[in-house]
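Me: I have a chain open on my screen and would like to talk it through with you. Could we take it one question at a time?

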Amino acid sequence: MLLMLIAPVLSFAQIGSGTSNTGGNNQNNSGGNNQNNSGGNSSPYYTNPYNQNPYSNPYMDQNQNNQNQNFFNNQNNQNNPQGNNPSNPPVNPNQPNQPLNFQDLNKMRNNAQDQRMLEMYKNDPDYIKYMNADPQIIIEDTNKTSEYKDSLDNAKKAKRKVFGSDFFSNNVFDLSDRAPSSPPVDYRLGPGDELIVSIWGNSEYQNNYTIGKDGAIFPRLVGKVYVQGMTLEEATRMISNRFRKVIAANSSVDVQMGKARTIRVTVLGEVKKQGTYTISAFNTALNALYRAGGVTDIGNMRRIEIKRDGRTVDIIDLYQYLQKNKQAEEVYLEDNDFIYVDVFEKLVKAEGNFKRPMYYQMKNDEGLRDLIQLSGGASSNARNSLIHIKTIVNEEEKYIDIPGQQYFDENSMDDLVLNDGDVVTFKSINDGLKNIVTIEGDVNYPDEYEVKFGDKISKVLQRAGGLSPSAYQARVFVFRGSNSVESNAIKVNLLSLAEHPEDDIAIMPGDRIKVLSNKDFEQSYHIQVIGYVRKPGKIPYYKNMRLKDLLLLSGGLKLEAENGRIEISNIVDTFSKYSINSSKSNVKIISINANLELDQASEEIIINPMDRVYIRRKTEFLSQEKVIVMGEVAYPGEYVLVEKNERLSSVITRCGGVLPSSYAEGSKLIRSKIGPIVIDLPLAISKTGSKYDVVLKDSDILIIPSINDIVSIRGEVQSSVNIKFDRSNNDLLYYIGASGGFGERPWKNRINVRYQNGRIKNTKNFLFVRVYPKIKEGSTITVPTKPKKENTTKFSEVFSYSLSALTTLATLLLLSKNL
């Protein structure tokens, strides 16, 4: 019993000492935290001092520095999205542990660093400044790489589409307020409308009349004329007849619409903006609904009620406008009318192979036949012999399958009333033709063709235009079967059909006929042409091929080609249509005339299959190599190198030298496929031909900046600032003090200075003495952050664990004495 009580103390002591165990605190198990501890609590007696990389790159910005510090963690996180620790995969007891392979990760890191070096100059302020200043400079970007974009799935769940829901927003119908000066043809006159009566000819008269509440106008000459409910054309005819009775003959009468009355209409229910609207009487109920923002998502488009004096006087079904285009049948309103939109009665979804699959609002008495008509019917590839309906019966979803032909028969009266929420589906017919045969291979028109019962292979091949001249007729394959494992390959000899008619087999639907070609059994050879021809590459071999033929097929020699030294490498001794023999490699060097039309030597050289022909470049031929000089020189621009090893000082002399406004020490050289190169231009000019006088290469870019008297201080300082350079003081600590001094954790031993030409100098340390780099114009001072030391153990934690262990041990000893 005493041992049982002491055992927990021993385990507790093991936890405090940080030794490896199976209780979940092992430093190398798959817990997923920083110490890889599955228990979730790290031991205070042991922390991993290598969890952070203290040797960060001080020459990169903070973001790049963090990326480099966590490179392996980033790679592991990308390859392990589940969050498991990739450094501790599940161990298979039957296999020895395999060491982790970091070679690929290091290669990826190096490639990323190289790419950053190549792209670094594009963000250089001096490069951007002088590129924008001189638009005539064109630089060929030799570092351009292909960009690959990862396709991301940003699709969102689409809102359900209800037929007619965009009636008031798609602008198909012009539902804006109608102008009061142009009444519609079918507009009915009413109290408040103004009519203008004009008479000219032997009698002249004009007056305006407003229709009274009794629906009439009252001209003094003719008495009351009732026009309420009439169209303007009907009212014109009646008024003209009454005036002609009292005016002189040969007079004309015309009636025009004056001011239209205005009415107040209230729109209620499931509309987006309920309220009372004052509109012209020319407007219809649809115009009023448009003013109210249209119907909401749950509004009933099939039954919009027009109420007048407490009773329903008209009902609008928007589907009638969409289906039958009854826009001419307008519903005009009267003053104080109400428009009420209730909630839809039922919503049914047409899914699958409908011509217009979407949701449809339906009336309570409408059924499947109405849904088919609203949706435009079934599509051409719909299986309309069977209709699937998903519905709810007794609070359970169920499928109902019904025959579909009767619902497409106009003479049939059968119908099925649908319920709210039903989903009606037309499945598609099975893909694939059933009565076809596939003919492929060496026929004139390989394709798919109709096959009828009893068709023979010879007849079917004639439909494909017959066999090609190169067709292999001794064995034609007919593959018959559902898949490659079970299919039966029937072999037919077309050459023997005349003697053996029984071999002319019948073709079945689904068969695949394969006709081989004699060319399939012939070996094709190529000759490789390498070097200075216009079309280098592989040239197909043909019999009795000559060197001259080969060069002509390659586009001929380039101007810089060395025609006096053409190498031909040959490995073929003998060859035939079905075999080739080779014993050794032979190399011949020949000289030909640069003008192939006059050359006879190449006409006599026979080319064999698999030969390799090399055309070298003339040694004395020099191509024009150029460099670009930007910035503070007398004549910036593009310069052609006059010799193969022309140096930096020579090009500076050719461009007129540097200007007084230049800062030569900050000059930069950018080389294609390498990136920025640190140079010392003052030394290159003063010591021509020395190691400082760099040999220039094709496409080099030389930038001579103007004087930059700003010093930048970055990193672990009180405030990152830009300070004007003081020529009387080049001490680093002077500029650190100007930024407010060091920050919380400066790493003083690793302070570095980046000069304008790209050169970087670090702090030199000897015992307790630090020698800081000197500051120049355009310098950037970087103070790295000193990493925290996480391998120290707090005394308070050690004391707490020790005291707890001793207390437990003392308690156990007292208990053992009592026992």
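Here are my questions, each followed by a reply.

Me: How many helices and strands does the chain have?
Reply: Happy to help, and please keep in mind that this is a predicted model. The chain has 819 residues, and 35% of them count as buried. Its secondary structure comes to 16 helices and 39 strands.

Me: Where in the chain is confidence lowest, and where is it highest?
Reply: The average pLDDT of the chain is 79, with 77% of the residues scoring at least 70. Residues 1-103 stay under 50, and the model has 95 contacts beyond four places in sequence for them. Residues 141-158 are also below 50, with nine contacts beyond near neighbours in sequence. Confidence is lowest in helix α1 (residues 2-17), at a mean of 38, and highest, at 95, in strand β10 (residues 337-343).

Me: Is Val-341 buried or exposed?
Reply: Val-341 has its place in strand β10. A residue counts as buried when its relative accessible area is under 20%. Val-341 has 0% relative accessibility, so this residue is buried.

Me: Which residue is the bridge partner of Val-341 in β10?
Reply: Strand β6 (residues 262-269) pairs with β10 in the parallel sense, over five bridges. Beyond its neighbours within four places in sequence, Val-341 is in contact with residues including Leu-268, Gly-269, Glu-270 and Val-271. The one that forms the bridge with Val-341 is Gly-269.

Me: Which residue in β10 is the bridge partner of Lys-307?
Reply: Strand β8 (residues 299-308) is joined to β10 by five bridges, and these two strands run antiparallel. Among the contacts of Val-341 are Gly-299, Asn-300 and Ile-304. For Lys-307, the bridge partner in β10 is Phe-338.

Me: What separates the C-alpha atoms of Val-341 and Thr-296?
Reply: Along the chain, Val-341 and Thr-296 are 45 residues apart. In space, their C-alpha atoms are separated by 9.3 Å.

Me: Which strands stand at the edges of the open sheet that contains β11, β13 and β15?
Reply: That sheet has five strands in the order β12-β11-β15-β13-β14, with mixed pairing. Neighbouring strands there are turned by 25 degrees against each other on average, direction ignored. Two strands have a single partner each, so one side of each is left without a neighbour in the sheet: β12 (359-362) and β14 (396-403).

Me: Which residue in β15 is the bridge partner of Ile-389?
Reply: Strand β13 (residues 386-393) and strand β15 (residues 423-426) run antiparallel and are joined by three bridges. In β15, Ile-389 has as its bridge partner Val-424.

Me: What is the average twist in the sheet with the order β22-β21-β27-β23-β26?
Reply: This is an open sheet of five strands with mixed pairing. Its edge strands, β22 (537-540) and β26 (586-590), each pair on one side only. From one strand to the next, the twist averages 20 degrees.

Me: Which residue in β27 stands opposite Gly-531?
Reply: Strand β21 (residues 526-531) and strand β27 (residues 612-617) run parallel, joined by four bridges. Opposite Gly-531, in β27, stands Ile-615.

Me: What share of the accessible surface belongs to carbon and sulfur atoms?
Reply: The accessible surface of the chain comes to about 50,100 Å². The share that belongs to carbon and sulfur atoms is 50%.

Key:
Residues numbered from 1 in each chain as written. Predicted model: local features only at pLDDT ≥ 70, side-chain atom pairs only at ≥ 80, totals over all residues. Heavy atoms only, no water. Pairing = 2+ DSSP bridges. Axes fitted to C-alpha atoms, helices over the stretch in contact; angles between N-to-C directions. Buried < 20%, exposed > 50% of the residue type's maximum accessible area, 1.4 Å probe, protein only. Areas by Shrake-Rupley, 256 points an atom, 1.4 Å probe, with all protein chains shown as cover. pLDDT = per-residue confidence, 0-100. Contact = heavy atoms within 4.5 Å.
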